[in-house]
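Student: I should like to understand how the terms used for a protein model are justified. May we go through them one at a time?

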Amino acid sequence: MDKVLIWDLPTRFFHWLLVLSLFAQYVTAEWLDNAIEWHFYIGYFTLFLIVFRVLWGLVGTQHAKFSSFVKGPKAVFQYAKTLFRRDTPPSLGHNPLGGWFVIVMLALVAVQAVSGLFMTDDVFLDGPYRQLASEDVLEWMNTIHHLAFDVLLYVIGLHILAISFYGVYKKQNLVQPMIDGGKETRDLGIFHSRVRLALIVAIIAAVLVYVAIEVYPPTPDA
Ligand code: HEM
Ligand code: HEM
């Protein structure tokens with residue numbers, strides 16, 4: 001068996017930057033006083049990461065594409081039946097069950113970031129969409145912003161538990177490939193990471209987020 005490239009560099013970068021950003025969001029909201037400005041900026045960056053990953057899921061390399069890991073109920077059910085077997089070969093990319101888990105995580109982070117745009121620190125700073133919404137919507141967004149993070153913490157816990165289960169029970173190390181991109185397999189991997197395409201996608205994602213938070217919202221006194 002050869003070690004071949006499975007996770008392109010942009011997907012790996014995305015993953016570890018997402019981990020760092022969510023940690024920073026927790027710290028700036030819960031631990032530090034006077035760090036709400038940083039919370040806003042890192043929140044916008046997290047939104048950028050999600051937009052990037054969605055676009056990369058459409059045009060990126062083989063295993064990063066949604067079309068390769070978002071499977072129908074039949075495949076998910078069939079995979080789930082083999083979950084506790086130790087003799088099944090490792091999946092090349094995300095397995096059919098894990099693929100849906102990825103979608104849930106991305107969606108939750110997106111909800112968290114978007115609801116943040118409607119938040120206020122009650123002192124100095126309003127999220128850019130605060131002026132656009134009615135009191136009812138603002139109330140909802142506030143509830144969602146608090147609730148989604150609690151749900152996200154459970155989901156992240158499950159994610160890490162699932163990866164430990166693969167490591168300990170199924171003897172499949174999934175973490176190393178998320179770091180160096182490679183997996184031991186008889187199948188073909190991807191040939192390169194398409195970093196130049198990823199840079200173009202990142203610029204598009206950055207412009208979209210800039211327009212969404214700087215250009216589109218009305219100024220507070222408009
Ligand atoms: C804030 C915490 C975390 C979040 C939100 C998160 C989120 C995600 C997401 C969205 C993916 C899909 C990657 C993609 O296709 O773009 C993923 C995959 C993965 N994550 Fe995490 N992750 C977190 C923490 C961790 C940690 C601490 C580890 C290491 C122990 C880890 C290991 C992995 C691995 C190995 C995969 C690939 C799974 C597979 O082979 O299918 N993650 N994670
Ligand atoms: C994915 C990105 C984000 C994460 C993970 C996140 C996480 C959190 C967490 C954990 C809290 C504390 C909630 C509590 O006390 O129960 C919080 C509060 C808050 N967040 Fe976020 N947030 C994100 C994005 C944003 C964005 C983009 C904005 C604004 C543009 C924002 C604005 C706020 C504000 C104003 C508060 C209230 C702080 C206070 O109590 O004074 N967040 N966020």
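**Terms and their grounds**

Tutor: Let us begin with one residue of this predicted model. Apart from neighbours within four places in sequence, Gln 25 is in contact with Trp 38, His 39, Ile 42, Gly 43 and Thr 46. Gln 25 itself belongs to helix H1, residues 9-31.

Student: What makes these residues contacts of Gln 25?

Tutor: The word requires heavy atoms within 4.5 Å. Trp 38, His 39, Ile 42, Gly 43 and Thr 46 are listed as meeting Gln 25 in this sense.

Student: Why is Gln 25 called buried?

Tutor: The term applies under 20% relative accessible area. Gln 25 has 11%, and therefore it is buried.

Student: Which other residues can be judged by that cut-off?

Tutor: His 15 has a relative accessibility of 17%, so it counts as buried. Leu 108, in helix H5, has a relative accessible area of 16% and is therefore buried as well. Of the 222 residues of the protein chain, 39% count as buried.

Student: What does Leu 108 touch?

Tutor: Leaving out residues up to four places away in sequence, Leu 108 touches Ala 148, Val 151, Leu 152 and Val 155. Between Leu 108 and Leu 147 there are 10 Å from C-alpha to C-alpha, and 39 residues in sequence.

Student: How do you know that His 15 and His 159 are donors of the iron atom of ligand 1?

Tutor: Donors are N, O and S atoms, which for this metal must lie within 2.8 Å. The NE2 atoms of His 15 and His 159 lie 2.0 Å from the iron atom, so they qualify.

Student: What do these two residues tie together?

Tutor: His 15 lies in helix H1 and His 159 in helix H6 (residues 135-168), so the pair joins parts that are 144 residues apart in sequence.

Student: Why is the site of the iron atom called octahedral?

Tutor: Six donors earn that name if opposite donors are over 155 degrees apart and all others between 65 and 115. The site has 6 donor atoms with angles of 87 to 178°, and it is classed as octahedral.

Student: How do helices H2 and H5 pack?

Tutor: H2 (residues 36-59) and H5 (residues 96-116) pack at an angle of about 140°, with axes 9 Å apart. The residues in this contact include Gly 43 and Arg 53 of H2 and Leu 106 of H5.

Student: What makes Gly 43 polar and Arg 53 charged?

Tutor: Arg is grouped with the charged residues and Gly with the polar ones, so the names follow from the grouping. The contact of H2 with H5 divides into 7 nonpolar, 2 polar and 1 charged.

How values were computed:
Residues numbered from 1 in each chain as written. Chains lettered and ligands numbered in written order. Predicted model: local features only at pLDDT ≥ 70, side-chain atom pairs only at ≥ 80, totals over all residues. Heavy atoms only, no water. Axes fitted to C-alpha atoms, helices over the stretch in contact; angles between N-to-C directions. Helix = DSSP H or I, 4+ residues; strand = E, 2+ residues; numbered from the N terminus. Buried < 20%, exposed > 50% of the residue type's maximum accessible area, 1.4 Å probe, protein only. Donors = N, O, S within 2.8 Å, 3.2 Å for Na, K, Ca; no water. Tetrahedral: all angles 85-135°; square planar, octahedral: opposite > 155°, others 65-115°.
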